[in-house]
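Let's take a walk through this structure together, one charged pair at a time. Have a look at the model first, and then read on.

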Amino acid sequence: MSEHFTPSPELLALREKIDAHDQQLARMMCERLLLIMQAAPLKPRFEDVRLEDRIEDIIAKVIPIADEYGLDRDYLEAVYRKMMDESIDREGKRWQQLNESEQ
């Protein structure tokens with residue numbers, strides 16, 4: 001069994017800030033997904049759910065934010081690509097649900 005270290009007051013304070021950001025980030029991600037789900041009925045074809053040009057446009061807009069913080073763009077790009085893949089998957093399922101009921 002490994003022994004755990006006792007976090008310093010500074011580390012505990014930092015963790016509180018991280019936890020607060022996690023809560024805020026999770027809420028924003030949920031709100032983003034709700035917006036994406038609203039787009040599903042507005043797309044005429046299933047193929048319109050995943051648009052590579054739109055994905056690259058989003059990436060081009062968000063990854064420069066990493067520069068503002070002196071961070072590696074690859075981190076932000078990887079997180080965004082994963083988030084968009086998950087969002088597109090869920091939007092596609094929603095699109096199929098909506099269009100199956102019309103047939």
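## Salt bridges along the helices

Start with Glu86 and Arg90, whose side chains come together in a salt bridge with N and O 3.4 Å apart. Please keep in mind that you are looking at a predicted model. Both Glu86 and Arg90 belong to helix α4, which covers residues 73-100, and four residues separate them, about one turn of the helix. How accessible is each partner? Glu86 has a relative accessible area of 33%, so it is partly exposed. Arg90 is partly exposed too, with a relative accessibility of 41%.

Stay on helix α4 and you will find another pair, Lys93 and Asp89. Their salt bridge brings the closest N and O atoms to 3.3 Å, and here again the partners sit four residues apart in α4, about one turn of the helix. Lys93 counts as partly exposed because its relative accessibility is 47%. For Asp89 the value is 38%, so this residue also counts as partly exposed. Salt bridges with shared partners also link Arg50, Glu52 and Asp85 into one network.

Now move to helix α2, residues 52-62, where Lys61 and Asp57 lie four residues apart, about one turn of the helix. These two form a salt bridge as well, and the closest N and O atoms are 3.1 Å apart. Is Lys61 buried or exposed? At 54% relative accessibility, Lys61 counts as exposed, because the cut-off for that label is over 50%. Its partner Asp57 has 32% relative accessibility and therefore counts as partly exposed. Across the whole structure there are twelve salt bridges.

Let's return to α4 and look at the helix itself. How far apart are its end C-alpha atoms? They are 40 Å apart, which agrees with the 40 Å that its 28 residues should span at 1.5 Å a residue. At the start of α4, Asp72 places a side-chain oxygen within 2.9 Å of the backbone nitrogen of Asp74.

Finally, turn to the residues of α4 that are buried. Among them are Leu76, Met83, Met84, Ile88 and Trp95, and the list also includes Ser87, Glu91, Gly92 and Asn99. What covers these buried residues? The cover includes α1 (9-39), α2 and α3 (64-68). So helix α2, where you met Lys61 and Asp57, appears again here as part of the cover over the buried residues of α4.

Conventions: Residues numbered from 1 in each chain as written. Predicted model: local features only at pLDDT ≥ 70, side-chain atom pairs only at ≥ 80, totals over all residues. Heavy atoms only, no water. Salt bridge = Lys/Arg side-chain N within 4 Å of Asp/Glu carboxyl O. Helix = DSSP H or I, 4+ residues; strand = E, 2+ residues; numbered from the N terminus. Buried < 20%, exposed > 50% of the residue type's maximum accessible area, 1.4 Å probe, protein only. Expected span 1.5 Å × (residues − 1). Contact = heavy atoms within 4.5 Å. Polar contact = N/O pair within 3.5 Å; in protein donor to acceptor, adjacent residues only side chain to side chain.
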